Amino acid sequence: MKKHKLLFFIIALLVVALLGCDTQSKKLEANKNLIHRFVEATNTADWDAFDELLTTDFKRHCQATPNVQVNSREEFKKLQESFLVSMPDQMVTSEMLIAEGDKVAAYATYTGTLTGPMGEFPATGKSMESKFLTIFRIEEGRIAELWVEWDNLTMLTQLGLFPPPK
C-alpha cells in the first residue's frame, strides 16, 4: 500500500511540475506577444496603444543617446513623435525575440530616411538600415522598462553625417 501512495505522490508531483512549466511557457509567450504589439504600434505611429502597452512610469535607457531621458509613458510618446519628424518612413522589424522571466530580448532592424532634422543634424535625404538590441522588462502585463543599444557610427555614416560635414 505504501508503494502505491508513493507512486501516486510522484505522479502528482510530475503533473504539478508539467502544469507549472506550461503556465510559465504561456507567460513567456504572452510577454513576447506584448513586444510584437509594441513594435506594431511603433510602426503605425499608434501612440494611443502605448497606454495599454506601457506602464505610466515607463523608463528608457540608452547609452547611444545619454542626454535623452525618458521616465514616463508620456515622455516616451513625445520621443517617438520626434523620431517621426526625422524619419517619417521609419520601420522596425523584429528578427529574434528571446524571453526569460520578466524580460524579453529583441534583435531587430531599424530602417528610415532622414528627411527632417535629427537633433542638431540636418536632413540629408539619405536612408539607413541598422541592427539594434533591446531588452524589455515586463511588469503586470505591460512594458515597464527598456534598454536599447545600436551602432551610432554605422547609422551616421549611412545618413551621410560621418565623417562630420565640413
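These legends accompany several close-up views of a predicted model.

**View 1. The open sheet and its strand order.** Welcome to the sheet, where 5 strands line up as β1-β5-β4-β3-β2 with mixed pairing. At the edges sit β1 (54–61) and β2 (91–100), each of which pairs on one side only. From one strand to the next, the twist averages 20°. As a reminder for this view, strands of a sheet pair through backbone hydrogen bonds, either parallel or antiparallel.

**View 2. Strands β3 and β4 side by side.** Here β3 (residues 103–113) meets β4 (residues 127–139) in the antiparallel sense, with 11 bridges between them. A handy pair to look for is Tyr110 and Ser130 in β4, which stand opposite each other.

**View 3. Ser130 and its surroundings.** Let us stay with Ser130, a residue of strand β4. Is Ser130 buried or exposed? Its relative accessibility is 6%, so Ser130 counts as buried, since the cut-off for buried is under 20%. Setting aside neighbours within four places in sequence, Ser130 is in contact with Ala108, Thr109, Tyr110 and Asp151.

**View 4. Helix α3 across the strands.** In this view, helix α3 (residues 73–86) lies across β1, β3 and β5 (142–150). Relative to β1, helix α3 runs at about 55°.

**View 5. The largest pocket and its lining.** The largest pocket holds about 970 Å³ of space. Its lining is made of 39 residues, and the closest to the pocket centre are Arg60, Thr65, Phe83, Trp150 and Met155. Which helix or strand gives the most to this lining? That is α3, with 6 residues. At least two lining residues come from each of α1 (2–43), α3, β2, β3, β4, β5 and α4 (152–158). Sorted by class, the lining of the largest pocket comprises 25 nonpolar, 12 polar and 2 charged residues.

**View 6. Asn43 and its contacts.** For the last stop, find Asn43 in helix α1. With a relative accessibility of 21%, Asn43 counts as partly exposed, because that class runs between the buried limit of 20% and the exposed limit of 50%. Beyond its neighbours within four places in sequence, Asn43 is in contact with Met91 and Val92. Asp89 also belongs in this frame: Asn43 and Asp89 are 46 residues apart along the chain, and their C-alpha atoms are separated by 8.8 Å.

How values were computed:
Residues are numbered from 1 along each chain as its sequence is written. This is a predicted model: local features need pLDDT of at least 70, side-chain atom pairs count only at pLDDT 80 or more; totals for chains, interfaces and linings use all residues. Side-chain values use heavy atoms; hydrogens and water are left out. Two strands pair if DSSP finds at least two bridges between them. Helices (H or I, at least four residues) and strands (E, at least two) are DSSP runs, numbered from the N terminus. Axes are lines fitted to C-alpha atoms, for helices over the stretch in contact, and angles run from 0 to 180 degrees between N-to-C directions. Contact means heavy atoms within 4.5 Å. On a 1 Å grid over the protein atoms alone, a cavity is a set of points where a 1.4 Å probe fits but cannot get out, and a pocket is an open set with protein on both sides within 12 Å along at least five of seven lines; lining residues have an atom within 4 Å of a point. Grid points are joined across faces, edges and corners, and a volume is the space filled by probe spheres set on the points. Ala, Val, Leu, Ile, Met, Phe, Trp, Tyr, Cys and Pro count as nonpolar, Asp, Glu, Lys and Arg as charged, and the others, Gly among them, as polar. Buried means under 20% relative accessible area, exposed over 50%, partly exposed in between (1.4 Å probe, protein chains only).
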